[in-house]
Amino acid sequence: MVKRTVIIAGASGMVGREILAGLLADDRVAEVHSLGRKPPTVQHPKLRAYIVDFASLRLPVLPQADEVYLALGTTIKVAGSQEAFRAIDYDANLAVARAAQAAGVKKLGLVSAMGADANSSVFYNRVKGELEDALEKMAFDGLVIARPSLLVGDRKVLGQSERRGEKIGLAVSKLIGFLIPANYQPIEATAVARALLKTAPQAQGKTILLSGAMH
């Protein structure tokens, strides 16, 4: 069995953390090269971690690899401005994709968002959509885009405070979840990671995964 070499950016985030755990547990993966603003919280014999200043877009030379997962993301509130948000969610993700493609990567999995649309009047959705469009133009053999709805998970483990919107969304879902379409129901970060890990290695062409398909 030929084992894969995988690159991941954003392994310290909610979904990225779960993707990394899945890769490290996969016997079919020989090496995982992690790019992040801070080191992963785990250590493993097949994990190679790189601390990257994404603001400068100076990335290390990446090894020959089979697939890449892009899970870099922030919020406008955390970033401090729309420009700072775009620098991470668009510029940094795109820079990693280009570096990965130069390293021979053929398959890409992206953590995007429900409502991503390059023509959206909502800035957040527009940036997400512009990134999706830019990645599609790069013509990877396989491009898998996960568009989760409200993400839920243990933010305390990540050193993040609970978000009021998530608490409200979960409460509403528990009360009237049966009335909410599957694509709009809150989804666990583990489910998103699991769907990407299952789909990306064998992907051909472009695949979009909505929450209903990832639950």
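Q: Two strands pair if DSSP finds at least two bridges between them; how do you know that strand β1 pairs with strand β2?

A: This is a predicted model, in which local features need pLDDT of at least 70 and side-chain atom pairs count only at pLDDT 80 or more, while totals for chains, interfaces and linings use all residues. Residues are numbered from 1 along each chain as its sequence is written, and side-chain values use heavy atoms, leaving out hydrogens and water. Strands (E, at least two residues) and helices (H or I, at least four) are DSSP runs numbered from the N terminus. Six bridges join β1 (residues 4–9) to β2 (residues 29–36), and the two run parallel, so the requirement of at least two bridges is met. Within this pairing, Val6 has Val32 of β2 as its bridge partner.

Q: What makes β3 and β9 the edge strands of the sheet?

A: The open sheet has seven strands in the order β3-β2-β1-β4-β5-β6-β9, with parallel pairing. Strands β3 (47–51) and β9 (205–210) each pair on one side only, and they are therefore the edges under the bridge criterion. Neighbouring strands are turned by 15° against each other on average, direction ignored, where axes are lines fitted to C-alpha atoms, for helices over the stretch in contact, and angles run from 0 to 180 degrees between N-to-C directions.

Q: How do you know that helices α1 and α3 pack on the sheet?

A: Contact means heavy atoms within 4.5 Å. Helix α1 (residues 14–25) touches β1, β2, β3, β4 (67–70) and β5 (107–111), its direction making about 165° with that of β1. Helix α3 (residues 82–102) touches β1, β2, β4 and β5, and its direction makes about 175° with that of β4.

Q: What makes a set of residues a nonpolar core, and which members touch the most others in the largest one?

A: Such a core consists of buried Ala, Val, Leu, Ile, Met, Phe, Trp, Tyr and Cys residues joined through side-chain atoms within 4.5 Å, buried meaning under 20% relative accessible area, exposed over 50% and partly exposed in between (1.4 Å probe, protein chains only). The largest has 31 residues, of which Leu70, Leu108 and Leu135 touch the most other members. Elements giving two or more residues are β1, β4, α3, β5, α4 (123–137) and β6 (142–147), and α3 gives the most, with eight. Apart from this core lies another, of 29 residues, including Val6 and Met214.

Q: Why does the span of α4 agree with the expected value for a helix?

A: The expected span is 1.5 Å times one less than the number of residues; the 15 residues of α4 should therefore span 21 Å, and its end C-alpha atoms are 21 Å apart, which agrees. The buried residues of α4, among them Phe123 and Leu135, pack against β4, α2 (76–79), α3, β5 and β6.
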